[in-house]
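Visitor: I'm new here and would like to be walked around. Could you explain the words as you use them?

Guide: Gladly, let's take a look together.

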Amino acid sequence: MAYSKKVVEKFENTLNEPKKFNVGRFNPSDLDVGTGMVGAPACGDVMKLQIKCEPKGNSHVIKDVKFKTYGCGSAIASSSELVEMLIGKTLEEAKEIKNKDIANALELPPIKIHCSVLAEDSIKQAIDDYEAKQ
Amino acid sequence: MSKNIQLPIYLDYASTTPVDPRVAEKISSHLKMDGVFGNPASRSHKYGWKAEEAVEEARSHVANLVNCDPREIVWTSGATEADNLAIKGVANFYNSKGKHIITSKIEHKAVLDPCRQLERDGFEVTYLDPDAGGCITLDSIKAAVREDTILISIMHLNNELGTLNDIEAIGSFARSKKIFFHVDAAQSTGKVDIDLSKLCVDLMSFSAHKTYGPKGIGALYVSRKPRVRIEAQIHGGGHERGMRSGTLPTHQIVGMGEAFRLAKEEMQADRQHVAQLHQRFLNGVDGIEEIYVNGDLDRKVPNIINISFAYVEGESLIMALKDVAVSSGSACTSASLEPSYVLRALGRKDELAHSSIRFSFGRFTSNEDVDHTLSILSHAVERLRELSPLWEMHLDGVDLDKVEWN
């Protein structure tokens with residue numbers, strides 16, 4: 001399969017410098033951490049996304065993000081792209097991120113759109129988890 | 001890195017092989033004005049006669065490799081056409097005798113798709129599961145045979161796993177039941193001995209481009225004793241005893257002939273070379289944790305090795321291995337997102353099927369190619385596992401089978 005240049009770049013950068021690209025984990029039981037895990041090994045994709053937030057005014061801001069993804073190159077690139085979009089956003093802003101934003105940024109082909117859908121689901125779940133703890 | 005490594009390193013010989021330089025030379029001497037370019041069907045001049053001579057010489061090289069009569073070899077455009085001709089040809093000719101066909105779930109699509117087509121035409125097809133080692137057992141065939149079974153089609157060597165089926169035993173059984181037996185041998189020529197004078201095989205498909213010959217040419221062995229009749233699928237001139245019409249591509253045919261002649265001559269050397277590479281590869285991957293070789297090591301050829309790297313997804317691994325040309329599953333299905341149907345048929349869990357890579361070696365693979373691949377591979381697996389939530393869970397002692405995925 002021919003990937004777009006953007007997917008290849010994102011994938012390779014993430015692989016080569018995992019720390020710089022926010023690969024890792026937070027303690028999921030910390031109160032300022034929200035965890036989302038979506039997908040299934042049998043389907044070939046699992047994304048785990050964790051956000052670390054702090055209250056700011058009436059809202060909460062995403063200070064830091066960590067992720068790990070099992071999946072094809074597009075899935076890994078989608079997670080990594082999403083992470084970059086999230087840092088510094090309020091939860092309200094983060095909820096506005098749609099799969100299309102990720103798909104467009106990476107120029108995903110139609111057959112790989114589900115990777116961006118999964119990424120969108122992972123942030124929703126992570127926010128839900130965080131909000132449930134507050 | 002040593003200078004003689006060509007990047008990306010080609011470890012996809014099961015997909016296609018480069019043409020041997022000696023074969024390429026033979027082909028190019030059958031194309032131009034000063035070469036043997038004539039139409040082998042031209043009876044009225046020397047150009048035609050010379051071309052016919054070249055085609056017949058090539059036919060005997062193919063026949064020699066598998067020990068049959070040259071008159072039993074029918075040229076086709078490749079193994080896919082040979083499979084189609086054998087399966088549809090027998091089914092259409094003998095449909096008054098019965099409408100049941102037996103094949104397996106690990107066949108190439110070139111066998112499965114014609115079977116599906118016959119199902120639409122009113123035939124019934126039984127698709128057998130392989131055993132856990134990736135082979136089709138005689139017992140499963142015996143259990144599937146019916147009164148109206150007219151054809152059994154089982155591959156010799158599986159293209160994804162490298163596993164061999166016991167075509168000797170299956171053939172004897174089929175013959176005793178008077179059922180025709182077709183074998184797709186696209187992958188096995190030049191890798192294992194084939195003696196059609198002893199085997200009870202009625203039809204066998206061959207491909208040139210898996211054995212250092214050119215693409216676009218293959219052949220079907222059609223047994224004369226006992227005689228098997230097939231209905232032609234392509235009409236237009238009655239070439240090849242009416243079984244396959246169309247002007248014979250002399251240059252491709254002599255390419256296949258030369259490739260098969262070399263295969264016979266060099267089979268021992270090729271086998272030793274590849275067996276040594278295979279062992280070197282196995283020793284090298286031994287240090288990587290949580291890997292599973294798919295297909296029984298004792299019943300497979302060393303040319304192909306299929307490995308599942310648990311907790312790493314195959315497509316991402318291929319991307320990380322950009323300096324190595326390998327495939328995940330069969331190239332024919334890699335356009336889809338489904339994991340390999342062959343690995344699924346083996347009973348491998350889907351996630352292991354998703355994590356599999358096929359490495360295949362050949363005549364031009366060097367020790368340096370293998371060593372360099374091994375160093376890239378272990379590095380890539382390590383980095384992708386660092387990225388994998390499944391690997392993290394595994395290290396934390398989580399049983400992934402007990403997790404409820406959403």
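Guide: Let's start with pairing: two strands pair if DSSP finds at least two bridges between them. One more thing before we go on is that this is a predicted model.

Visitor: What makes S1(A) and S2(A) a pair?

Guide: Two bridges are enough for a pair. S1(A) and S2(A) have 8 bridges, in the antiparallel sense, so by that cut-off they count as paired. In this ladder, Val33(A) stands opposite Lys52(A) of S2(A). The two strands form a hairpin with 4 residues between them. In the turn, Gly44(A) has a positive phi of about 90 degrees.

Visitor: Why is S1(A) called mostly covered?

Guide: Of the 8 residues in S1(A), 7 are buried. Buried here means that 20 or more other C-beta atoms lie within 10 Å of the residue's own.

Visitor: How do you know that Gln50(A) is buried?

Guide: The cut-off is 20 or more other C-beta atoms within 10 Å. Gln50(A) has 26, so this residue counts as buried. Gln50(A) lies in strand S2 of chain A.

Visitor: Which residues is Gln50(A) in contact with, leaving aside its neighbours within four places in sequence?

Guide: Among them are Arg25(A), Phe26(A), Pro28(A), Val33(A), Val65(A), Phe67(A) and Ala126(A). Take Arg25(A): it sits 25 residues away from Gln50(A) along the chain, yet their C-alpha atoms are separated by 7.1 Å.

Visitor: What does each chain bring to the contact between A and B?

Guide: Chain A gives 21 residues and chain B gives 21 residues. On the chain A side, helix H1 (5–16), strands S1 (33–40), S2 (45–56) and S3 (59–70), and helix H2 (73–86) each supply at least two residues. Sorted by class, that side of chain A has 14 nonpolar, 4 polar and 3 charged residues.

Visitor: Over to chain B. What is the strand order in its open sheet of 7 strands?

Guide: The order is S2-S8-S7-S6-S5-S3-S4, and the pairing is mixed.

Visitor: Why are S2 (73–76) and S4 (124–128) of chain B called edge strands?

Guide: Each of them pairs on one side only. From one strand to the next, the twist averages 20 degrees. At the S2 end, S2(B) and S8(B) (residues 218–222) pair in the antiparallel sense over 4 bridges. Two bridges would do, so they qualify as a pair. Val74(B) stands opposite Leu220(B) there.

Visitor: Which helices lie against this sheet?

Guide: Helix H3 (residues 79–93) of chain B packs on it, touching S2, S3, S5, S6, S7 and S8 of chain B, and its direction makes about 165 degrees with that of S7(B). Helix H4 (residues 109–120) of chain B lies across S3, S4, S5 and S6 of chain B, running at about 155 degrees to S3(B). H3(B) is mostly covered, with 13 of its 15 residues buried.

Visitor: How do you know whether a helix such as H3(B) reaches its expected span?

Guide: Compare its reach with 1.5 Å a residue: H3(B) goes 20 Å from first C-alpha to last, close to the 21 Å expected. For helix H7 (residues 250–285) of chain B, a straight helix of 36 residues would span 52 Å, but H7(B) spans only 44 Å between its end C-alpha atoms. H7(B) also has a kink of about 70 degrees, centred on Glu266(B).

Visitor: Why is Asn67(B) called partly exposed?

Guide: Buried needs 20 or more C-beta neighbours and exposed needs 12 or fewer, with partly exposed in between. Asn67(B) has 14 inside 10 Å, so it falls in the middle class. This residue is in the loop between helix H2 (46–66) and S2 of chain B. Its phi is near 55 degrees, a positive value in a residue other than glycine.

Visitor: And what makes Arg241(B) exposed?

Guide: It has 10 other C-beta atoms within 10 Å, and 12 or fewer counts as exposed, so the label fits. Arg241(B) is in the loop between S8 and H7 of chain B. Phi of Arg241(B) is near 55 degrees, again positive in a residue other than glycine.

Visitor: Where are the cis peptide bonds you can point to?

Guide: One joins Leu7(B) and Pro8(B), with omega about -10 degrees. Another runs from Lys225(B) to Pro226(B), with omega near -5 degrees. Pro226(B) is in the loop between S8 and H7 of chain B.

Definitions and conventions:
Residues are numbered from 1 along each chain as its sequence is written. Chains are lettered from A and ligands numbered from 1 in the order in which they are written. This is a predicted model: local features need pLDDT of at least 70, side-chain atom pairs count only at pLDDT 80 or more; totals for chains, interfaces and linings use all residues. Two residues are in contact if their C-beta atoms, placed from the backbone, lie within 7 Å. Ala, Val, Leu, Ile, Met, Phe, Trp, Tyr, Cys and Pro count as nonpolar, Asp, Glu, Lys and Arg as charged, and the others, Gly among them, as polar. Axes are lines fitted to C-alpha atoms, for helices over the stretch in contact, and angles run from 0 to 180 degrees between N-to-C directions. The expected span of a helix is 1.5 Å times one less than its number of residues. The bend at a residue is the angle between axes fitted to the seven residues ending there and the seven starting there.
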